[in-house]
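Colleague: I am new to this structure and should be grateful for a close look at a single part of it. Please begin with one loop and then place that loop in the wider picture.

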Amino acid sequence: MSSVIPVSHLQTLRMSIYRFDPSIDDKPYMQDVDIEVPTDKDIMVLDALHLAKAKEPSLSYRRSCREGVCGSDGMNINGKNGLACITPLSEAVKRNKLTLRPMPGLPVIRDLIVDMKLFYDQLEKVQPYLITKTDNPEKERVQSPEEREELDGLYECILCGCCSTSCPSFWWNPDKFLGPAALLQSWRFIADSRDEATEERLDDLEDAFSLYRCHGIMNCVSVCPKGLNPTEAISNIRNKLISRKRQ
Amino acid sequence: MKVNEVINAKDLPVMEFDGIIIGGGGAGLRASLQLAESGLNTAVISKVFPTRSHTVSAQGGITCAIQSDDPDDDWRWHMFDTVKGSDYIGDQEAIEYMCSEGPKAVFELEHMGLPFSRTEEGKIYQRPFGGQSKDYGKGGQATRTCAAADRTGHSLLHTLYQANLKAGTNFLNEWFAIDMVLNDDGAVVGVVAFEIESGEIFYIRSKATVLATGGAGRIYASTTNALINSGDGIGMALRAGLPVQDIEMWQFHPTGIHGAGTLVTEGCRGEGGYLLNKDGERFMERYAPNSKDLAGRDVVARSMAQEILEGRGCGPNADHIFLRLDHLGPEVVHKRLPGITELSKTFAGVDPAVQPIPVVPTCHYMMGGVPTNLNGQVITIKEGKDTVIEGLYAAGEVACVSVHGGNRLGGNSLLDLVVFGRSAGIHIEESMKQGVDLKKASTDDIDKALERLNRLNSSTEGEQVAVLKERMQQNMQNNFGVFRREDLMVKGIEMLNDSREAVENIYLQDKSAAFNTARIEALEMQNLFEVAEATAITANERKESRGAHARDDYPERNDDDWLKHSIYFSKTKEVSKRDVNYRPKTVQAFQPAVRTY
């Protein structure tokens, strides 16, 4: 990245980055790191982090695909959760400052890296896999294009955690409320015409917390880097739960 | 015991499994699924949470003759295309196995829940891809690539992860494997690895170890590959004295987004998109009159590079090519290629339903790798003979079985992953049933696997990773790219020689234990360097042009001398040759022919 930028087109950007190394720090602190960024082209927040890490090699963050499909680099960018690799500085920087913090609501392991165990545990609770009872045919299970379309907006989830860690209901009850990401996956399988465990899936959500702690705040929708709508998925499940009670 | 202490093998805690899989991408998860479902005590060791693996970035699809689009499609036609695509150094027995077993593996994925796009009849949707034909090249373009929109890799990886959750696989997520442990007999009996979060380090003993560590595209400055693609399995194999095969064969994907390197699927051209030079000419018609934009990737990438070299590139610097999709209409673009729409907007600032995407050939895939047989067992060459390494398997991009030879066809990597991840799993299952008895590793054996970690931890001065990596990537980009020639490659090899000592003695400034990404990057850099050096030396030795390996100084294919695999050992830095398999079991071998599209 840095090698291709002509020196004449650089300006200084002050990054304020959350730092915490459990082996040396008693508590976290914000560190200012000044980096040189190009003025004639946009770069991503992740590129800016690489430049900061070149100056501060101990700075730690997760990253992998750098194109918004692997979900590694979810973080809190100037107050809003997002993926560093697809958030351009032009969008993120305010008053020439870029503040980066770990995603809120989960324990911090180090710097921008959070412990996602709770998040993954909640995902596993919804049995995020296709459950079938009938025997598999020799070829594919038939699914019409219309049935398949029901999965659009659901299967694309990248498990970055931006939604659940921006959800106040998840902050209060991360062990009991499943959170938007897990519930989106729950609906992804309920909505799949091939799945044969809808009733059991719904049964598992019939308590006061798992699903019903969603209060429709919709932070999940506003931060999802893939443009998905967990609130809608949750209300779809809610409708199913209510309508089967009426029957 | 922490990863930043001075570590002796005798103090190292031990974990034990029947089978371990290093890497949580498509190949690793398909292998682990096989083992977990058979009740073996299995662990996946992955340096990232599995769904962050690079398989997630695969877009266009998985090529397989499932007869959805064309009820008369035939896996033998797919085999013919793959052999031809490989420029005749793909092993035909392996290609036969992949193409004929493929449908089973693809339907299994569908049964696991993979959300394939659908045809009107509710079957798996297929799209045309490059290098595909009907009737052994005589029946025109085939439509053989099974797709979930343009997110097939994402769908496949998540589906396999879900299936592994269901099967109860043990996951050691965010663990990093440093090196393999070989016993007195030269068999592999596990790895030394540490948990990245805590820095706790272990000897993980196992009866079967599967390398599924993926590719190493980060040896180049410009690549479609994820930042994690550092060739860890190749580094481990070479340091253990094992060979790599055809490592000079690197695929440059025709369409990486100019400047960013992110992939734009071949499926764009499959859906009807085409390439334009600055004159607005569909130049592929000149280079490949029949297949045009859907010729083999090596052919398209070279044609694009040629257009740019001859001054017909687009943009103010005439340094890229346009990929046009807008004529397909917003309906097709947004429905069939939603991911591309997103990526183009983010990384090129264009909506492909309106404007062309600026693209350039970009490093994409490592055709070479650790040589294996059909069961995924790693082989070495002893006194000219193939010899199985007990306890060690490899599958996916890290392996070279070899189904891709000199050039991989689009959609064949995902098929490779599931077919050979599965076959490695099946073989391990069978051999466990019969009983595996490998000699235990001595503390000396384990100490060898700790060597480079201890050296890194005791470093007090030296060069930093970022500097070394930048130098290597520029070198590979400039001297081992789409077109190659001896003087540049010799210069490149010298530059690598000059760096080797510094790479072996990287200075690690931050020696902390918990989630220390600087340590990981240093260990990855050493792996990348092994791949770069192997690529450089072997590329210079193969004195011909074949598949992705195009030399200005040897422009012709030379079947007399080089209808062979290259074999490279890092200990001697010597390149030898190995016969290509021309013995498929159920069909006649396809003989080398002039390769035109």
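Modeller: The loop chosen here lies in chain B, between β10 (244-245) and β11 (250-257), and B:D246 is found in this loop. The model is a predicted one. B:D246 has a positive phi of about 50 degrees although it is not a glycine. With a relative accessibility of 0%, B:D246 counts as buried, because buried means under 20% relative accessible area.

The side chain of B:D246 also takes part in a wider arrangement. A network of salt bridges links B:D246 with B:D87, B:E248, B:D298, B:R302, B:R542, B:E544, B:R546, B:R557, B:D559 and B:R595. Over all chains, the structure holds 75 salt bridges.

A second residue of chain B may be set beside B:D246. B:K292 is not a glycine either, yet has a positive phi of about 50 degrees. B:K292 is placed in the loop between α7 (284-287) and α8 (297-309) of chain B. At 29% relative accessibility, B:K292 counts as partly exposed, whereas B:D246 is buried at 0%.

Helix α8 of chain B leads to another salt bridge. The side chains of B:R297 and B:E266 meet with an N to O distance of 2.6 Å. B:R297 belongs to helix α8 and B:E266 to the loop between β11 and α6 (267-270), so this pair ties together parts of chain B that are 31 residues apart in sequence. Both B:R297 and B:E266 are buried.

A further salt bridge in chain B joins the side chains of B:R239 and B:D179, at 3.1 Å from N to O. Because B:R239 lies in helix α5 (residues 232-239) and B:D179 in strand β7 (residues 175-182), the pair ties together parts that are 60 residues apart in sequence. Here B:R239 counts as partly exposed at 22% relative accessibility, while B:D179 is buried at 6%.

Two other loops of chain B deserve mention. The peptide bond from B:V401 to B:S402 is cis, with omega near -10 degrees, and B:S402 is located in the loop between β18 (399-400) and α11 (412-434). B:G90 sits in the loop between α2 (75-85) and α3 (92-112) and is buried, with a relative accessible area of 0%. From B:G90 to B:K2 the separation is 88 residues in sequence and 44 Å in space, C-alpha to C-alpha.

These details belong to a chain with 16 helices and 22 strands. Of the 597 residues in chain B, 67% are buried. The C-alpha atoms of chain B fill a box of roughly 65 × 50 × 50 Å along the principal axes. The radius of gyration of chain B is 23 Å, which agrees with the value near 25 Å for a compact globule of 597 residues.

Chain A offers a salt bridge within one helix. A:K117 and A:D121 form this bridge, their closest N and O atoms being 2.8 Å apart. Both residues lie in helix α3 (residues 117-125) of chain A, four residues apart, about one turn of the helix. A:K117 counts as exposed at 52% relative accessibility, and A:D121 is partly exposed at 30%.

Finally, the two chains both contribute to one surface feature. A:E146, A:E147, A:E150, B:E120 and B:E121 gather there in a patch of negative charge. Of these residues, A:E150 is found in the loop between α4 (145-149) and α5 (168-172) of chain A and is partly exposed, with a relative accessible area of 48%.

Technical notes:
Residues numbered from 1 in each chain as written. Chains lettered and ligands numbered in written order. Predicted model: local features only at pLDDT ≥ 70, side-chain atom pairs only at ≥ 80, totals over all residues. Heavy atoms only, no water. Patch = residues over 30% accessible without salt bridge, like charges linked within 9 Å, V, L, I, M, F, W, Y side chains within 5 Å. Areas by Shrake-Rupley, 256 points an atom, 1.4 Å probe, with all protein chains shown as cover. Salt bridge = Lys/Arg side-chain N within 4 Å of Asp/Glu carboxyl O. Lys, Arg positive; Asp, Glu negative; His and termini not counted. Charge placed at Lys NZ, Arg CZ, Asp CG, Glu CD. Buried < 20%, exposed > 50% of the residue type's maximum accessible area, 1.4 Å probe, protein only. Rg over C-alpha atoms; globule rule 2.2 N^0.38 Å.
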